Amino acid sequence: VELKPTSNAIVRWPQPGNSISRREFMARSVACGLAATGLGGAAVDVATASPTVRKPAKRVIFVLMSGGPSQLETFDPKPGTPTGGPFGAIPTRIPGVRFCEYLPRLAQMTDHFAVVRSLTGAHPAGDHIRDLQYTLTGHFSNSRFQVTRPSFGSIVAHELGKRDAKLPGYICLSPSWHDAAFQGAGCLGAKYDLMKFPGYGQVSGATARADGVSEAGFHARSTLRDAVSRQFLQGRQARSALRYEESFARARGLMESSRLFDLSREPDKVRQRYGPTRYAADCLTARRLLEAGVPFVLIQCFGTRCDWDWHYEAFSHLSKYMLGVFDHVTTTLMEDLRERGLWDETLLICTGEFGRTPAIGSNEANGYSGRAHYAKNFAMLLGGGSIRGGQVVGTTNKDGTEITARPVTVADLYRTYYPALGINFDKKLRVSGQPIPIQEEGKETISELLA
Amino acid sequence: MAPSQPKAARLLQTFAMPVDAAMFSGVPSVTALKPLPHARVLLAAAMDRRVVCCELPADPPKTPPAPGQQPAAVPAKHLAWSHENWVHDLDVHPDGKRVATGGTDRRIKIWKWGQEKPLAEFKAHEDWVRAVAFAPDGRLLASAGDDCLVRLWDGETARPVATLDAHGSFLDSLAWSADGQQLLAGGNDGRIHVWKVAARQLTRSIDIDNRRLIEDEPLNGGFSYPGGIRGLTCSRDGKLIAAIGLTSLHVLESASGKPVLKQDGRGFGVAFDPTSRWLAFSQEKDLLLWDFQTGKVGYHIPVDQLGLFDICFLNGGKQLASGGCNGKVGLWDLTA
C-alpha cells in the first residue's frame with residue numbers, strides 16, 4: 001500500500017462511489033500517524049491566561065443545526081409582530097423569557113442551559129460554507145497563516161484527548177457528503193482529524209473484521225504484526241516510528257469499538273426514551289462515545305428533511321416535525337447526561353451556521369412560506385459543564401431585525417467555549433516552528449456564561 | 001390533422017396583496033381563494049392574518065388588456081376580518097352572505113359580508129386549522145386540522161356537532177360531495193378518507209401515495225410533513241374526485257375509486273368548473289386545465305411561480321382565479 005499522508009486528510013465514511021476497504025482504512029489510519037510526525041509534536045507555548053473556571057468540562061457534544069435554524073421559531077420568538085410567523089410563544093422557567101410554542105420541554109429546562117439571542121455571524125446574508133467554517137473553527141480567515149488552522153473538534157481532541165486513547169478524539173456523526181478541510185485538524189495533523197461516521201446507529205463496515213477472517217485469525221495476525229513491529233522498534237525510538245504504532249493501536253481500537261455504534265446494546269426503554277429519529281440515534285450514540293472517552297462528538301443534523309435549511313413550507317415542517325424532534329431529543333440527552341453524572345463534565349452546544357431572515361419569503365429565490373439565510377442576528381443554546389444556565393444573553397428589537405444589547409460574535413463564543421473546557425485560548429500550537437494561536441479572533445469572553 | 005395545442009388563457013387582472021408593514025414583514029402569500037358572487041368580490045385568505053378583498057372587474061371587462069399586454073396590478077383591500085395568526089382557509093356559505101375562516105391560531109371565525117365583527121368565533125382544533133368547508137346545503141360546516149381530526153359544526157349556530165377521528169395524520173384538505181352525503185378529507189398520509197356524514201362512518205380510505213418520504217429516517221415511520229394531499233375537490237355532477245399534492249394529481253371515479261387521470265408534478269390547488277367539464281390544477285410553475293370532453297389539457301397557463309396555493313372558478317366557469325406565495329391573485333379569462 002502506498003501511503004500518501006496529507007496534513008488535512010479526512011477519513012471519509014464509505015459512500016457509494018467513495019467506498020474504502022478495510023485494508024485501505026487501516027492504511028489511511030497509518031497515514032494519519034505518519035502525517036502527525038511532520039508536526040514536531042505540536043508543542044505549545046503558554047501565553048497570557050484566558051479566564052479559568054472552577055470545574056472545566058472534559059468533553060463536548062456539538063450539535064450542528066446545519067442549514068440555519070430560525071431564531072424566531074426557536075429561542076427568540078416575536079409572536080404578533082410583522083416578522084412573527086405563525087407560531088405562538090410559551091413561558092420558560094426564566095421570568096419574562098419565552099420560547100417558541102413548539103419547544104415545551106426545553107422551556108421547562110432553562111435552568112440547565114443558557115441561550116444567546118444576540119449572536120452575529122461573519123456574513124450578514126449568510127453563506128453556508130463560509131459561516132460553517134466560522135461556526136466550527138471560531139475564525140473565518142486563514143490569511144494570517146500559511147497553514148490550514150484546526151477546527152474546534154481537533155483542538156479539543158489535541159488538548160483533552162488521552163495520549164494512549166484507543167479511539168479518535170474527534171468523531172463526527174453525519175450523513176453529509178460534504179467534507180471540508182476546515183472541519184478537520186488542518187495543521188495539527190491527521191492524528192487529530194475527525195473520524196466521520198454516517199450516524200443513525202450505523203456502524204462502519206471498515207471497522208469490522210474482513211469477511212472470512214475469524215476473531216482468532218485476526219488476533220493471530222495482530223500478534224504477529226506486533227511482534228515484528230517490536231523487533232523493528234528495538235533501537236529506533238524515533239517519534240515517527242512511535243506514531244506509526246499509535247495509529248495501528250487507534251485503528252484497532254476503532255475496530256474493537258464498533259459496539260459503541262450499535263444502539264441495540266442499549267436497553268429498549270433508553271432507546272424508546274430518545275425516540276426513533278436520526279437525531280435521537282445520534283444523540284444516544286454521542287452519549288455512548290463520551291462514556292467511552294471520546295472528548296469531542298460533532299452531530300451534524302443533515303440529510304433528507306433532517307436539516308434546518310427550510311426555505312419552502314418551513315413552518316409546517318418545523319411545527320410538525322423538526323421542532324418536536326429537537327425539543328424531545330435535546331432534553332432527553334440533557335436528562336440522560338444528568339442522570340449519568342456526565343452533564344457537569346460535558347459542554348453541550350446547539351447552533352446553526354446562521355439564522356433566518358425576519359421577513360417571510362414570498363418567491364422561489366427567497367423561499368415561500370419560509371425564511372432565507374440571515375447571519376445579522378441569530379440564537380443558539382449552550383449548557384452543561386461550567387456554563388451558567390437559566391439566563392439569556394443579549395436582546396433583539398421587537399421585530400427581531402436588530403441586536404439591541406450585548407452583541408456577541410461566533411469568535412466571542414469560542415473565547416467562552418475554550419475556558420469552559422479549561423483550555424487557554426491564548427495558547428499557541430507550534431507547527432513547523434510557527435506559533436498558531438488557538439483562538440485569535442473575537443473581542444471578549446462572554447463571562448456571564450461561565451460559572 | 002395536427003393535434004390541437006392547449007390554449008393560453010388571457011390574464012384579465014392581477015391583484016396585489018396589500019402590504020401593511022405594521023402587520024407583516026415580507027409579501028404575504030395567498031393561502032385560499034373564494035368568490036362572493038353577489039358582492040362581485042373575490043376573497044383571499046392571507047398570511048398577514050387578514051382576509052383580503054379583490055373587487056372583480058365588470059363582465060365583460062370595460063377595457064380588457066390587449067393581447068400580450070400585462071394588466072397593471074390592482075391593489076386588493078384588507079377587510080377588518082382577521083385572526084391572531086395566519087388565515088389558512090376560507091369558505092363561503094351557500095347563502096352567499098356568511099364566510100368561515102380558519103387559521104393557525106386554532107380558531108374558526110364566522111363573518112357576515114358588510115360587517116366588521118365576527119358573528120361567531122371559537123377554538124376549533126388543538127392545532128392549526130387547515131381547512132373549512134360548508135356543506136352544499138349549508139347546514140354543516142366541516143373543519144380539518146393538524147390535530148388529525150375532522151370536526152362538524154352547526155352551519156347556523158356554529159355549535160359542535162361531531163368529531164370524526166380515524167385519520168392518524170395531519171389533514172390539509174376537505175371536500176363535500178355534491179349531494180352533501182359524503183365528506184372527504186385528505187392529508188399527510190396520502191389517503192383520501194371518505195366519510196358518510198349522516199352515520200358519522202368512515203366508508204373508504206383511498207391511498208393515492210403522495211407522501212413526502214424521509215429516506216434517512218426509516219425508523220421514524222417513513223414520511224414527514226408537509227406532504228400528502230394538499231388539495232381535494234368533487235365534481236358538481238358527483239362523478240369524480242380530484243386530489244393533488246406533493247408528487248401528483250389524481251382523478252378518481254367517485255363511486256368506485258377507479259383511477260381516471262394521473263399527472264405527475266407538485267401541486268396545491270385543484271378545482272372543477274361548475275359544468276364538471278374542466279379540472280383546473282396547479283402543477284409546478286404552471287396552471288393547467290384538463291378537458292374531460294377531449295381527454296386533453298385544454299389550457300396551459302405558464303404562471304412561472306411555484307406555490308400556487310389555491311385556484312377557483314368564477315362567473316359560471318368563464319374565469320379562473322389563482323393565488324399563491326408571490327402575494328398576487330391572477331384572474332384569467334377562459335372564453336377566448
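Chain B and chain A bury about 3,000 Å² between them, and 52% of this area lies on carbon and sulfur atoms. The model is a predicted one, and the predictor assigns the complex an ipTM of 0.89 and a pTM of 0.87. For chain B, the average pLDDT is 91, with 94% of the residues scoring at least 70. A word of care helps when looking at any such model: where pLDDT is low, the predicted coordinates should not be read in detail.

What does the meeting of the two chains look like, residue by residue? On one side, 40 residues of chain B take part, in contact with 35 residues of chain A. Polar contacts link 13 residue pairs between chain B and chain A, counting pairs with both residues at pLDDT 80 or more. The interface also holds 4 salt bridges. A salt bridge to look for in the structure joins the side chains of B:Arg230 and A:Glu313, with a distance of 2.5 Å from N to O.

Within chain A, helix α8 offers a friendly piece of arithmetic. This helix covers residues 278-291, and its 14 residues should span 20 Å because each residue is taken to add 1.5 Å, the count being one less than the number of residues. The C-alpha atoms at the ends of α8(A) are indeed 20 Å apart, so expectation and model agree. Is the helix mostly covered or mostly uncovered? In α8(A), 13 of the 14 residues are buried, so that the helix is mostly covered under the cut-off of 20% relative accessible area. Just after α8(A) comes A:Gly293, with a positive phi of about 105°.

Key:
Residues are numbered from 1 along each chain as its sequence is written. Chains are lettered from A and ligands numbered from 1 in the order in which they are written. Side-chain values use heavy atoms; hydrogens and water are left out. pLDDT is the predictor's confidence in each residue, from 0 to 100. Helices (H or I, at least four residues) and strands (E, at least two) are DSSP runs, numbered from the N terminus. Buried means under 20% relative accessible area, exposed over 50%, partly exposed in between (1.4 Å probe, protein chains only). Contact means heavy atoms within 4.5 Å. Buried area is the accessible area (1.4 Å probe) that two parts lose on being put together, summed over both. A polar contact is a pair of N or O atoms within 3.5 Å; within protein, one must be able to donate a hydrogen and the other to accept it, and residues adjacent in sequence count only if both atoms are side-chain atoms.
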